[in-house]
Amino acid sequence: KAKTWSGDVGVTASIMGISIRPAMDWSYSSGNSIAISGSSIKGTMPLMSGVSAYSKLSLTNGFKYDDVSVGVAFSF
């Protein structure tokens, strides 16, 4: 039984192999309405089969800088 739900709503666009995904983060707690908890923009670029580089900019619900992440992802 979950009392809190969260997720994001966004769309992904791919241009010449680079994917960009802006999204709004939301949360819902029992008895409360849905609240926007922040937003993010993630860019992903494939490096080779199963390996990609990414960066993600996170913003607060007031659209102010919160965090930035840069890394390499492996998928198999």
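**A sheet of questions about six strands**

Mentor: Let's start in the middle of the chain, where strand 4 and strand 5 run antiparallel and are joined by nine bridges. This is a predicted model, in which local features need pLDDT of at least 70 and side-chain atom pairs count only at pLDDT 80 or more, while totals for chains, interfaces and linings use all residues. Residues are numbered from 1 along each chain as its sequence is written, and side-chain values use heavy atoms, with hydrogens and water left out.

Trainee: What makes strand 4 and strand 5 a pair?

Mentor: Two strands pair if DSSP finds at least two bridges between them. Nine bridges join strand 4 to strand 5, so the pairing rule is met. As one example, Gly43 has Ser55 in strand 5 as its bridge partner. The hairpin of strand 4 and strand 5 has two residues between the strands, and Gly50 takes a positive phi near 80° there.

Trainee: Which way do strand 5 and strand 6 pair, and over how many bridges?

Mentor: Strand 5 and strand 6 pair in the antiparallel sense, over nine bridges. Ser58 has Asp67 in strand 6 as its bridge partner, and Leu57 stands opposite Val68 in strand 6. The hairpin of strand 5 and strand 6 has five residues between the strands, and in it Phe63 takes a positive phi near 60°.

Trainee: How many helices and strands does the chain have?

Mentor: The chain has zero helices and six strands, with the elements running β-β-β-β-β-β from the N terminus on. Both kinds of element are DSSP runs, numbered from the N terminus: helices are H or I with at least four residues, and strands are E with at least two.

Trainee: How do you know whether the chain is a compact globule or more spread out?

Mentor: The radius of gyration, taken over C-alpha atoms, is set against a globule rule of 2.2 Å times the number of residues to the power 0.38. For 76 residues the rule gives 11 Å, but the chain has 15 Å, which is well over that, so the chain is more spread out than a compact globule. Its C-alpha trace spans about 45 × 30 × 20 Å along the principal axes.

Trainee: Why is Ser40 called buried?

Mentor: Buried means under 20% relative accessible area, exposed means over 50%, and partly exposed lies in between (1.4 Å probe, protein chains only). Ser40 has 7%, so Ser40 counts as buried. Ser40 is found in strand 4. Leaving aside neighbours within four places in sequence, Ser40 has contacts (heavy atoms within 4.5 Å) that include Arg21, Asp25 and Leu57. Buried residues make up 13% of the 76 residues in the chain.

Trainee: And what makes Phe63 exposed?

Mentor: Phe63 has a relative accessible area of 52%, and that places Phe63 in the exposed class. Phe63 sits in the loop between strand 5 and strand 6. Not counting residues up to four places away in sequence, Phe63 touches Met24 and Ser39.

Trainee: Why do Arg21 and Asp8 count as a salt bridge?

Mentor: A salt bridge needs a side-chain nitrogen of Lys or Arg within 4 Å of a carboxyl oxygen of Asp or Glu. The closest N and O atoms of Arg21 and Asp8 are 3.3 Å apart, so the pair qualifies. Arg21 lies in strand 3 and Asp8 in strand 1, so the salt bridge ties together parts that are 13 residues apart in sequence. Arg21 is partly exposed at 26%, and Asp8 is partly exposed at 37%. By this rule the count comes to one salt bridge.

Trainee: Which residues make the nonpolar surface patch?

Mentor: Among them are Ile18, Met45, Leu57, Val68 and Phe74, in a patch of about 1200 Å². Patch residues have over 30% relative accessible area and no salt bridge, with like charges joined within 9 Å and nonpolar side chains (Val, Leu, Ile, Met, Phe, Trp, Tyr) within 5 Å. Phe74 has 63%, so Phe74 passes the area cut-off.

Trainee: Which strand gives the most to the nonpolar patch?

Mentor: Strand 6 does, with five residues, and Phe74 is found in strand 6. Strand 3, strand 4 and strand 6 each supply at least two residues of the patch.

Note on methods. Accessible areas come from the Shrake-Rupley method with a 1.4 Å probe; for residues, only the protein chains shown count as cover.
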